[in-house]
Amino acid sequence: MNASPPGPSRVLVLALAGQSNAEGRGLPISSDLDPEDSSILMWEWSSSALTTATVPLSSRGRQVGLSIGTVVAREARIDDSSRPVVIVNGAVGGSPLAGVNDRGSWRWGHPGPGPALADGFIEAVEETLETVATTWPGAAIDLRILWHQGESDSDGDAYIIEFDRLIDAVRSRLGDVPVVLGGMVPEHVASTPELWAIRDVHLDTPRRVHRAVYVDGVTGGGCSAGPDDVLHYSRDGAEQLGRAMHRASEDLGVAHGTAPVG
């Protein structure tokens with residue numbers, strides 16, 4: 001009787017938080033461009049189970065295009081094909097952090113109206129970790145938070161307070177996990193003056209937050225839905241940003257004062 005092949009020694013779990021570019025808006029997509037890989041799984045929100053990842057990813061909101069998280073997962077598999085990757089897509093398009101709209105808010109302790117997005121995100125990650133531990137007994141779990149958000153906020157002073165509170169809350173539940181921030185589309189920031197304050201907070205995060213790194217936005221990477229769509233990364237922009245975020249996420253020794261990754 002042949003013994004079963006050994007399971008993986010490590011499993012990478014990527015937890016996506018933020019809004020549309022994390023959720024997935026990169027176009028074009030197709031079965032040829034995005035073949036399924038049975039070693040890349042996703043948390044399926046409708047069934048609360050792990051399934052083979054698709055493009056678009058399962059999400060709580062609008063399912064449209066390629067996510068930067070999928071790109072990070074693919075890069076991770078290229079680096080180490082023995083390591084399964086699991087994606088938890090907790091991002092919700094159009095969702096604010098310091099403010100609130102009909103999508104809810106990422107603000108920790110958000111009382112409403114609308115969903116308290118951070119609570120649902122953490123619960124989904126916890127359930128995913130339990131499922132991963134059951135699926136691959138004994139495997140070390142490498143959890144990383146990927147954050148892409150900011151376009152729905154404008155008050156930098158409020159944003160910095162709420163972002164740091166959110167990370168503290170996430171780590172109180174999930175441990176001292178590394179956090180990788182992806183930058184907004186530079187042309188969108190340039191055309192929206194109030195977003196400079198949000199970008200400044202992103203840039204400053206590695207100085208304030210232990211084990212955090214910021215990857216700057218991709219110039220010319222927008223226009224996913226057409227020339228007027230400077231908010232959303234196209235497929236090419238999402239791939240460039242995702243590859244850079246992967247490189248940053250592999251450095252688990254990120255420390256206070258780490259310079260932004262360009």
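These legends accompany a set of close-up views of a predicted model.

**View 1. His148 and its surroundings in strand β5.**
Let us start with a single side chain and the company it keeps. His148 belongs to strand β5, which covers residues 140-148. Is His148 buried or exposed? With a relative accessibility of 0%, His148 counts as buried, since the cut-off for that label is under 20%. Setting aside its neighbours within four places in sequence, His148 is in contact with Ala17, Gly18, Gln19, Asn21 and Ala22. Its contacts also include Ile68, Gly182, Gly183, Met184, Tyr233 and Leu241. Two of these names return in View 4: Ile68 is in α2 and Leu241 is in α7.

**View 2. Strand β2 and its partners β3 and β4.**
Here is a strand with pairing to follow on either partner. Five of the five residues of β2 are buried, so β2 is largely enclosed by the rest of the structure. In which sense does β2 pair with β4? The pairing is parallel and runs over three bridges. One pair to look for is Leu41 with Val86, its bridge partner in β4. With β3, in contrast, β2 runs antiparallel, and four bridges join the two strands. On that side Trp43 stands opposite Leu50 of β3.

**View 3. The turn of the β2-β3 hairpin, with Ser48.**
Moving along from the previous view, we come to the turn. Four residues separate β2 and β3 in the hairpin that these strands form. Ser48 sits in this turn, in the loop that follows β2 (40-44) and leads to β3. What is the phi of Ser48? The value is near 55 degrees, which is positive even though the residue is not a glycine. Most residues other than glycine have a negative phi, so this backbone angle is worth a look. Ser48 counts as partly exposed because its relative accessibility is 42%.

**View 4. The packing of helices α2 and α7.**
Now for a helix pair. The axes of α2 and α7 lie 8 Å apart and make an angle of about 55 degrees. That angle makes α2 oblique to α7, and the crossing is right-handed. From α2 come Ile68, Val71, Val72, Arg74, Glu75, Ala76 and Asp79. They meet Arg235, Ala238, Glu239, Leu241, Gly242, Arg243, Met245, His246 and Ser249 of α7. The residues of this contact divide into seven nonpolar, three polar and six charged.

**View 5. Two cis peptide bonds, at Pro56 and Pro113.**
Most peptide bonds are trans, so here are two to inspect. Between Val55 and Pro56 the bond is cis, with omega near 5 degrees. Pro56 is in the loop between β3 (49-52) and α2 (68-79). Gly112 and Pro113 are likewise joined by a cis bond, and omega there is about 0 degrees. Where is Pro113? It is found in the loop that links β4 (85-89) to α3 (117-135).

**View 6. Cys223 in the loop before α7.**
The tour ends with another backbone angle. Cys223 lies in the loop between β7 (212-215) and α7 (235-249). Its phi is positive, at about 70 degrees, although Cys223 is not a glycine. Is Cys223 buried or partly exposed? Cys223 counts as partly exposed, because its relative accessibility is 35%.

Technical notes. Residues numbered from 1 in each chain as written. Predicted model: local features only at pLDDT ≥ 70, side-chain atom pairs only at ≥ 80, totals over all residues. Heavy atoms only, no water. Buried < 20%, exposed > 50% of the residue type's maximum accessible area, 1.4 Å probe, protein only. Contact = heavy atoms within 4.5 Å. Axes fitted to C-alpha atoms, helices over the stretch in contact; angles between N-to-C directions. Parallel < 35°, antiparallel > 145°, perpendicular 65-115°, else oblique. Left-handed = near helix turned anticlockwise from the far one by under 90°. Nonpolar A, V, L, I, M, F, W, Y, C, P; charged D, E, K, R; others polar. Pairing = 2+ DSSP bridges.
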